[in-house]
Amino acid sequence: MRSALALAARGLGNTWPNPAVGCVIVTNGPGGGRVVGRGWTQPGGRPHAERRALDQAGEAARGATAYVTLEPCAHHGKTPPCAEALIAAGVARVVTALTDPDPRVAGRGHAMLRAAGIAVTEGICATEARALQAGFLKRVEQGLPFVTLKLATTLDGRIATASGESRWITGAEARRAVHAMRMRHDAVMVGSGTARADDPDLTVRDMGSVRQPVRIVIDSRLSHSPGSRLGRSARQVPVWLIHTATASDAARAAWAATGAELIAVPEVDGHADLRAAMQALAGRGLTRVFCEGGADLAAVLIHDGLVDELAHFGAGALIGAEGRAALGPLGLKALADAPRLRRIETTPVGADVLTRWTLV
């Protein structure tokens with residue numbers, strides 16, 4: 001199962017709205033234990049992992065055991081159900097890590113397999129699988145994507161000088177690590193301030209051929225220029241703009257002409273309602289969002305309880321009190337109200353340090 005989980009991880013950022021699934025098929029009986037098929041969900045969500053592994057195994061799948069990181073699907077979509085494919089291939093046993101919470105499956109895949117006389121074992125490496133599938137599970141169960149907030153700061157918590165200079169606080173190795181993180185998410189998100197100040201591409205670079213993440217800008221008034229890098233490349237790599245009713249008709253028309261998708265949400269306290277924004281993104285199939293926004297966007301995401309993981313790159317540099325803080329106001333009245341985090345891991349990245357946290 002751990003081999004299947006490693007295969008599934010290859011699909012992160014590439015398979016939405018489908019989950020990233022891995023499958024390993026192993027022969028049984030005397031002389032058994034030989035891996036005859038491996039597969040993971042392909043870019044765009046198809047073919048599914050089971051189909052890829054079964055095609056590789058061929059006749060060797062008959063009487064074998066299939067290890068799958070998520071319950072095989074049981075519904076007809078663009079492809080036939082994977083549960084039916086496993087039955088038709090004649091596998092003797094299916095071992096899964098998780099039940100699929102999608103209402104179209106939700107135990108039906110396991111039931112189909114058992115009804116066909118196939119032995120089913122559930123819950124193997126469930127904790128690891130749940131962590132891997134966190135984005136898909138959150139979208140199905142809560143109607144929200146999994147959000148990773150990235151911060152890159154000096155030791156004194158600054159993200160830029162007083163004049164706004166921030167290139168580069170961290171080193172080349174850390175910046176490459178950020179591109180690897182983008183690659184494992186469905187979308188990269190910034191606020192309008194960051195978009196205007198940096199004119200970013202928000203693409204994955206120097207990582208080989210990958211499915212580029214959707215580029216998202218939270219821009220209530222559509223103040224970012226359609227002539228920007230994002231606007232000029234919107235037909236090549238998707239750009240989604242979250243805006244409110246305050247955006248002018250002219251701005252909407254200009255951005256629509258670039259090929260960008262406009263997503264209107266309500267306004268709350270003078271800014272876009274981020275919970276409504278995240279619900280809209282999940283409704284469009286996104287499961288994992290990587291936020292590289294500035295201090296204000298980061299603070300609102302944390303305040304609204306929308307951050308699942310914080311990835312902090314710490315650089316051995318000092319800017320001082322005149323520099324720009326990593327977070328905007330959180331509105332705390334007492335230390336007891338401060339959000340608390342649990343450290344997942346700490347890893348040196350070149351001269352910098354990456355610390356991953358989850359909010360508790």
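Student: Where does P17 sit, and what kind of model are we reading?

Tutor: P17 lies in the loop between helix 1 (2–9) and strand 1 (22–26), and the model is a predicted one.

Student: What makes the peptide bond from W16 to P17 cis?

Tutor: The bond from W16 to P17 is described as cis with an omega near 5°. A second cis bond joins R46 and P47, where omega is about -5°, and P47 is placed in the loop between strand 2 (35–40) and helix 2 (49–57). Such bonds deserve a remark because most peptide bonds are trans.

Student: Why is W168 called exposed?

Tutor: The relative accessible area of W168 is 53%, and exposed means over 50%, so W168 counts as exposed. W168 is found in the loop between strand 7 (158–160) and helix 7 (172–183), and in an unreviewed UniProt entry the annotation "binding site" covers W168 together with A152, T194, D198 and S220. Those residues are spread over 69 residues of sequence and are also spread in space, with up to 28.0 Å between C-alpha atoms.

Student: Why is T194 called buried?

Tutor: T194 has a relative accessible area of 17%, and the word buried is used under 20%, so T194 falls in that class. T194 belongs to helix 8 (residues 192–198), and, not counting residues up to four places away in sequence, T194 touches D199, P200, E292, G293 and G294.

Student: How do you know that S166 and R205 are partly exposed?

Tutor: Partly exposed lies between under 20% and over 50%, and S166 stands at 26% relative accessibility, so S166 is placed in that middle class. R205, at 37%, is therefore partly exposed as well. S166 is in the loop between strand 7 and helix 7, whereas R205 is in the loop between helix 8 and strand 9 (214–218). Leaving aside neighbours within four places in sequence, S166 is in contact with I159 and A160, while R205 touches H179 and R182. Another "binding site" annotation in the unreviewed UniProt entry covers S166, R182, L202, R205 and E292.

Student: Why does L202 count as buried, and what is said of its phi?

Tutor: At 3% relative accessibility L202 is under the 20% limit, so L202 counts as buried. L202 has a positive phi of about 60° although it is not a glycine, and its place is in the loop between helix 8 and strand 9. The sign of the angle is worth pointing out because most residues other than glycine have a negative phi.

Student: Is D269, with its phi near 50°, buried or exposed?

Tutor: D269 has a relative accessible area of 72%, which is over 50%, and so D269 is exposed. D269, whose positive phi occurs in a residue other than glycine, is found in the loop between strand 12 (267–268) and strand 13 (271–272).

Student: How do you know that R288 has no salt bridge?

Tutor: A salt bridge requires the charged atoms to be within 4 Å, and the nearest side chain of opposite charge, D186, is 5.4 Å away from R288, so R288 has none although R288 is buried. R288 is in strand 14 (residues 288–291), and D186 is nevertheless one of the residues that R288 touches.

Student: Which residues are closest to the centre of the largest cavity?

Tutor: They are L12, T15, A20, T287 and R288, out of the 16 residues that line the largest cavity. About 70 Å³ of space lies in that cavity.

Definitions and conventions:
Residues numbered from 1 in each chain as written. Predicted model: local features only at pLDDT ≥ 70, side-chain atom pairs only at ≥ 80, totals over all residues. Heavy atoms only, no water. Helix = DSSP H or I, 4+ residues; strand = E, 2+ residues; numbered from the N terminus. Buried < 20%, exposed > 50% of the residue type's maximum accessible area, 1.4 Å probe, protein only. Lys, Arg positive; Asp, Glu negative; His and termini not counted. Contact = heavy atoms within 4.5 Å. UniProt positions renumbered as here; feature names shortened; annotations may be inferred. 1 Å grid on protein atoms, 1.4 Å probe; cavity = no way out; pocket = protein on both sides within 12 Å on 5 of 7 lines; lining within 4 Å. Points joined across faces, edges and corners; volume = space filled by probe spheres on them.
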